[in-house]
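Please look over the structure below. Some notes on individual residues follow.

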Amino acid sequence: MTSTDHDIKVLNGLIETTIDSAEGYSEAAKDAENTRYAALFQQRAAERRQVASRLQQQVASLGGKPEDDGTVLAKAHRMFVELRAKMSSKDDTAIVDEVERGEDHIKHKYEDALKDTDVSAGTGSVINEAYASVKSGHDQMRDLKHALHATK
């Protein structure tokens, strides 16, 4: 496997996870009762789509075929979450809890990619730029979760 092949594999894994995150935010926006949260989730979904697009551009520049879909596991998880939501009323705190759990997952994926010493410097730089957005989203959702739980 060449370093380009490795970079493409790592990037495509991040693309899938980032698309999953964007779709998760979109679902959360639909379910949110508070319009402020819905707007926040929509904004984060759009931001994640931009991050995925930037990663896809890097894959294409390396001569690879960029992923354009999320993971099967995430689709199954979303279906489970949707089913659970239909069976019980979800409040915004429960939605934020789910979103924050997803944020933990994507943050760890990016941190693992940043530790990958086989990734080229150029790809590492693109991953680092994307991670700044991911970390910001993670920290925002973590803080929102803690604030919501403090008021209960």
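**Notes on selected residues**

1. The model is predicted. Leaving aside neighbours within four places in sequence, Arg49 is in contact with two residues, Ala22 and Ser26. Arg49 itself is found in helix α2, which covers residues 35-61.

2. Arg49 also comes within 6.6 Å of Ile19, taken from C-alpha to C-alpha, although 30 residues of sequence separate Arg49 and Ile19.

3. Is Arg49 buried or exposed? Its relative accessible area is 43%. Arg49 is therefore partly exposed, as the value lies between the 20% cut-off for buried and the 50% cut-off for exposed.

4. Helix α2 also takes part in an aromatic pair, through Phe41. The partner is Tyr25 in helix α1 (residues 3-31), and the two are 16 residues apart, so that the pair links distant parts of the chain. The count of aromatic pairs comes to one.

5. How are the two rings placed? The centres of the Tyr25 and Phe41 rings are 6.1 Å apart and their planes meet at 40°. The pair counts as tilted because this angle is neither under 30 degrees, as for stacked rings, nor over 60, as for edge-to-face ones. Both Tyr25 and Phe41 are buried.

6. Lys107 has its place in helix α4, residues 92-115. With a relative accessible area of 15%, Lys107 falls under the 20% cut-off and is therefore buried.

7. Which residues does Lys107 touch, not counting those up to four places away in sequence? They are Tyr131, Val134 and His138.

Terms used: Residues numbered from 1 in each chain as written. Predicted model: local features only at pLDDT ≥ 70, side-chain atom pairs only at ≥ 80, totals over all residues. Heavy atoms only, no water. Helix = DSSP H or I, 4+ residues; strand = E, 2+ residues; numbered from the N terminus. Buried < 20%, exposed > 50% of the residue type's maximum accessible area, 1.4 Å probe, protein only. Contact = heavy atoms within 4.5 Å. Phe/Tyr/Trp six-rings, centres within 6.5 Å; stacked < 30°, edge-to-face > 60°.
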